[in-house]
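Hi,

Here is the structure I promised to pass on to you. Have it open while you read, and my notes on what turned up follow below.

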Amino acid sequence: MAAALFSFKIGKNMAKKPTMRTEFVLFDIVYEDGSQRSNRKVDSGLLGGLDGDEPALTAIMDQDRAISEKSGVPPLKITSIKRSGKK
């Protein structure tokens, strides 16, 4: 019985492992039918550099493709993409 209490105390006092923090950038998307989706998440690690926000379009198209496979509805063509909060 004492051994079980002892091991519980050790587990409670152990330091937590650091977790990798993933940062996201939010985008507003407008589709060919005029519908809009706001705050679509894209990993910030994909963005920047010489391509700027261009990789976000590919990432969002991949998200749309995955959603369409699950729902059975074909994905719509994206008309425009911009970061959320920018005018």
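Let's start with strand S1 (residues 24-31), which runs antiparallel to S2 and is joined to S2 by six bridges. (Helices, H or I with at least four residues, and strands, E with at least two, are DSSP runs numbered from the N terminus; two strands pair if DSSP finds at least two bridges between them.) Before going further: this is a predicted model, so to speak, in which local features need pLDDT of at least 70 and side-chain atom pairs count only at pLDDT 80 or more, while totals for chains, interfaces and linings use all residues. Residues are numbered from 1 along each chain as its sequence is written, and side-chain values use heavy atoms, with hydrogens and water left out.

Back to the two strands. Within S2, Leu26 has Lys41 as its bridge partner, and Phe24 sits opposite Asp43. Lys41 also lies over the face of Phe24, 5.2 Å from the ring centre (a charge counts as over a ring if NZ of Lys or CZ of Arg is within 6 Å of the ring centre and within 35 degrees of the ring normal). S1 and S2 make a hairpin with four residues between them, and in that turn Gly34 has a positive phi of about 95°.

On the other side, S1 is joined to S3 by five bridges, and this pair is antiparallel too. Here Tyr31 stands opposite Ile78 in S3. Put together, you get an open sheet of three strands in the order S2-S1-S3, with antiparallel pairing. Strand S2 (36-43) and strand S3 (78-83) are the edge strands, each pairing on one side only. On average, neighbouring strands of the sheet are turned by 30° against each other, direction ignored (axes are lines fitted to C-alpha atoms, for helices over the stretch in contact, and angles run from 0 to 180 degrees between N-to-C directions).

What packs on this sheet? Helix H2 (residues 54-71) does, touching S1, S2 and S3, and its direction makes about 110° with that of S2. (Contact means heavy atoms within 4.5 Å.) The helix also passes a length check: at 1.5 Å a residue its 18 residues should span 26 Å, and its end C-alpha atoms are indeed 26 Å apart (the expected span is 1.5 Å times one less than the number of residues). Just after H2, Gly72 takes a positive phi of about 85°.

Which residues of H2 are buried? They are Ala56, Ala59, Ile60, Asp64 and Ser68, and what covers them includes S1, S2 and S3. (Buried means under 20% relative accessible area, exposed over 50%, partly exposed in between, with a 1.4 Å probe and protein chains only.) Take a look at Asp64: its relative accessibility is 10%, so Asp64 counts as buried. Leaving aside neighbours within four places in sequence, Asp64 is in contact with Tyr31, Arg40, Pro75 and Ile78. Asp64 and Pro75 are 11 residues apart along the chain, and their C-alpha atoms are separated by 6.0 Å.

One more residue to click on is Asn39, in strand S2. Asn39 has a positive phi of about 60° although it is not a glycine. Most residues other than glycine have a negative phi. With 46% relative accessibility, Asn39 counts as partly exposed.

Zooming out, the protein has two helices and three strands, running α-β-β-α-β from the N terminus on. Buried residues make up 17% of its 87 residues. Of the contacts with a separation of 6 or more, 44% are between residues 24 or more positions apart.

Cheers
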